[in-house]
Amino acid sequence: MSPAVTGMAPARFLLSLDQLHVLEAEAGIAVPAEFHTEWGDSASAEERDAREANALNGLEVMGFLSPSTGRGAGSIPDRVNPAVRAYLGLFADPALEISVRSWGDGRSYVQSAVVLSGYATSLIRTQRLDDRGQNPRNEDSVELSAFTFSELIDEVLRSLRQIDSARPAAAVTKGSIELPITELQGLINAIRSDRPGVVEGALREVDLGAASLPIARAASFGIDAGFTLFARSQATGDHFSSHWFRADSGWFELALSTPPLDSVSSSIEFVDRSRVRLSTRGSEAIIASIITAIGTLGGALHG
């Protein structure tokens, strides 16, 4: 199969870490820093040569490189399929760049997506987590996808939908509260104490009524998944970020606002004046906010 976009469906390819390393180190193709790989000092010269040869052979079979012998033979950079170079080349100077970090259901995801002139490229790598969501183990492959701008939102939401598919959606009490960081932490600790008198006192301390309790409780128990997205338009410098977590009562968003650095005299004052907004709305709100953000940032790409 030729590595090119056909129709509207994304073209997807699984690359080994060695294959991606060869494309970066030997073919001169830039990749995001989080996808950069090195062969450790413990690898002998013979092992490196064997791994490189195996990676080159795999790339040739996939059509990413022209044959090493006969017509089309040449240096590795000269052998790169033009479509591969064009799509991976978007990472060097994109108009819009998006970074996704998500975890849940025993796996973490790192995704980088870039857009230029209506075309987009995405790289995704994953790690396996243990039953407690810890001790990540790399999986020896990276997914490369090439697609058009119209597919971008679906592509950056893939890991969220994968995580959510493993667990039924919870009924969410929709609302939001905003508190200084230390006060929100104190309220959450009070709720975790499971002592009604302590919780009631904490609500009074932060000047919140009992109606706010389900919202604060959303961030207090059973956090088992997270989704963070950052997007930036190189054309305007505008950016968007969103941080979400899933707990027993569903998804909630944490948004931090901080004072200007030149307005504070110490790190203690910086923390004291910083505030956190906790919002509970459900995964459909994540999708809506991302659609709005990418639509707004992407509008600059079309003038």
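## A charge over a ring

A charge sits over a ring if NZ of Lys or CZ of Arg is within 6 Å of the ring centre and within 35 degrees of the ring normal. This predicted model has such a case. The charged end of Arg-125 sits over the ring of Phe-35. The distance to the ring centre is 6.0 Å.

## The chain as a whole

The chain holds 11 helices and 10 strands. Its C-alpha trace spans about 80 × 50 × 45 Å along the principal axes.

Of the 303 residues in the chain, 42% are buried. Take the contacts with a separation of 6 or more: residues 24 or more positions apart account for 62% of them. The exposed area of the chain is about 15,500 Å². Carbon and sulfur atoms supply 52% of that area.

## Aromatic pairs

The whole structure contains 3 aromatic pairs. One of them joins Phe-13 and Phe-64 in an edge-to-face arrangement. Their centres are 5.2 Å apart, with 80° between the planes. Phe-13 belongs to strand E1 (residues 11-15), while Phe-64 is in the loop between helix H2 (45-62) and helix H3 (76-79), so the pair ties together parts 51 residues apart in sequence.

Are these two rings on buried or exposed residues? Phe-13 is buried, with a relative accessible area of 11%. Phe-64 is buried too, at 0% relative accessibility.

## A nonpolar patch on the surface

Ile-181, Leu-256 and Val-271 make a nonpolar surface patch of about 230 Å². Leu-256 lies in strand E9 (residues 250-257). Its relative accessibility is 55%, so Leu-256 counts as exposed.

Key
Residues are numbered from 1 along each chain as its sequence is written. This is a predicted model: local features need pLDDT of at least 70, side-chain atom pairs count only at pLDDT 80 or more; totals for chains, interfaces and linings use all residues. Side-chain values use heavy atoms; hydrogens and water are left out. Rings of Phe, Tyr and Trp (its six-membered ring) pair if their centres lie within 6.5 Å; planes under 30 degrees apart count as stacked, over 60 as edge-to-face and the rest as tilted. Helices (H or I, at least four residues) and strands (E, at least two) are DSSP runs, numbered from the N terminus. Buried means under 20% relative accessible area, exposed over 50%, partly exposed in between (1.4 Å probe, protein chains only). Patches are made of residues with over 30% relative accessible area and no salt bridge: like charges are joined within 9 Å, nonpolar side chains (Val, Leu, Ile, Met, Phe, Trp, Tyr) within 5 Å. Accessible areas come from the Shrake-Rupley method with a 1.4 Å probe; for residues, only the protein chains shown count as cover. A salt bridge is a side-chain nitrogen of Lys or Arg within 4 Å of a carboxyl oxygen of Asp or Glu. Contact means heavy atoms within 4.5 Å.
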